[in-house]
Amino acid sequence: MKKDIKLIKENLVSDLRNFCKNAGFTDVTFGLSGGMDSALVLMLAAEALGPKHVHTMMMKTKYTSQLSIDLANELAKNVGNPHKTIDIQPLVDMAEATLSFTPQNKVTLENLQSRIRGLICMTYSNDFNRMVLACGNKSEIAMGYCTLYGDTCGALAPLGDLYKTQVYEMAELYPQIPRGIITRPASAELAHGQKDTDSMPDYCILDPMLSSIEQGADSKVPESIKKRYAGAAFKRVQMPPILKIRTR
């Protein structure tokens, strides 16, 4: 795969450009979290459309670290694209206050944050005619590690056919991405101290197992992983269109 990653990247850029053109959009928007996935989406979109046509937003809550805010700002400055920071915690608090019950499941409030981010993105899309991009990768989608109508919100998922390990590999092609983004532990930052590895194996272990499932050679894959993959099928069928990777 290493020898193909540059060609895959070039094809993703071309396919993203054509998808936007065919849909009648010159500009795109999405949340820039200070994490790896949205950083790579920014690089692909800036290359496909030009930096000035890529509008990113850091939609922070009380769980968002200052490091994430700083890294998002640094990346946007390196790329030269329009970027803003929006405090959505008041919206999260207001939405929680309107409920007729007190959520007992921590995932309920975690997903609420993600869905408010999707709402903000779609509102900017409607008023400024910008296509919303979903930043999820193939590993997260396969395991259902995503929020329906939240971070899955968008018209296109540019990284949807890239495993997380491939996302990191492709990121190395872009020196504009701060090393702090590439080396920090993956986290959705929907709770204090949250990390992806709290609920899934490390991606270097997980991705080969997911590839085996996809190829129908999953006899050595743990039942817990196969069960979670099967259980996430209802999410995968509701994902936005995904750019398929091509090596030719």
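**Notes on a predicted model**

1. Start with Pro175. Its relative accessible area is 74%, so Pro175 is exposed. Keep in mind that this is a predicted model. Pro175 belongs to the loop that joins helix 7 to helix 8 (179–183). Now compare its position with Thr152. The two residues are 23 apart along the chain. Their C-alpha atoms are separated by 27 Å.

2. Next, the helices. Two packed helices are described by the angle between their axes and the distance between the axes. Take helix 1 (residues 5–23) and helix 7 (residues 164–171). Their axes come within 10 Å and cross at roughly 90°. Helix 1 is therefore roughly perpendicular to helix 7.

3. Which residues in helix 1 meet helix 7? They are Ile5, Ile8, Lys9 and Leu12. On the helix 7 side, the partners are Gln166, Glu169 and Met170.

4. Now the cysteines. A disulfide is a covalent bond between the sulfur atoms of two cysteines. How many disulfides does the model hold? The count is 0. To count, two cysteine sulfur atoms must lie within 2.5 Å. Cys20 shows why one pair fails: its closest cysteine sulfur, in Cys135, is 13 Å away, too far for a bond. Cys153 is in no disulfide either. For Cys153, the nearest cysteine sulfur is that of Cys121, 6.6 Å away.

5. Are Cys20 and Cys153 buried or exposed? Cys20 has a relative accessible area of 1%, so Cys20 is buried. Cys153 has a relative accessible area of 17%, and Cys153 is buried too. The cut-off for buried is under 20%.

6. Look at the aromatic rings. The structure holds 1 aromatic pair. In this pair, the ring centres of Tyr124 and Phe128 are 5.8 Å apart. Their planes sit at 20°, so the pair counts as stacked. Planes under 30 degrees apart earn that label.

7. Where do these two residues lie? Both Tyr124 and Phe128 are in helix 5 (residues 106–128). They are 4 residues apart, about one turn of the helix. Tyr124 has 19% relative accessibility and counts as buried. Phe128, at 47%, counts as partly exposed.

8. Finally, charges over rings. Phe128 has a second neighbour to check: Arg130 lies over the face of its ring, 4.4 Å from the ring centre. Arg236 lies over the face of Tyr229. Here the distance to the ring centre is 3.9 Å.

How values were computed
Residues are numbered from 1 along each chain as its sequence is written. This is a predicted model: local features need pLDDT of at least 70, side-chain atom pairs count only at pLDDT 80 or more; totals for chains, interfaces and linings use all residues. Side-chain values use heavy atoms; hydrogens and water are left out. Buried means under 20% relative accessible area, exposed over 50%, partly exposed in between (1.4 Å probe, protein chains only). Rings of Phe, Tyr and Trp (its six-membered ring) pair if their centres lie within 6.5 Å; planes under 30 degrees apart count as stacked, over 60 as edge-to-face and the rest as tilted. A charge sits over a ring if NZ of Lys or CZ of Arg is within 6 Å of the ring centre and within 35 degrees of the ring normal. Axes are lines fitted to C-alpha atoms, for helices over the stretch in contact, and angles run from 0 to 180 degrees between N-to-C directions. Angles under 35 degrees count as roughly parallel, over 145 as roughly antiparallel, 65 to 115 as roughly perpendicular and the rest as oblique. Contact means heavy atoms within 4.5 Å.
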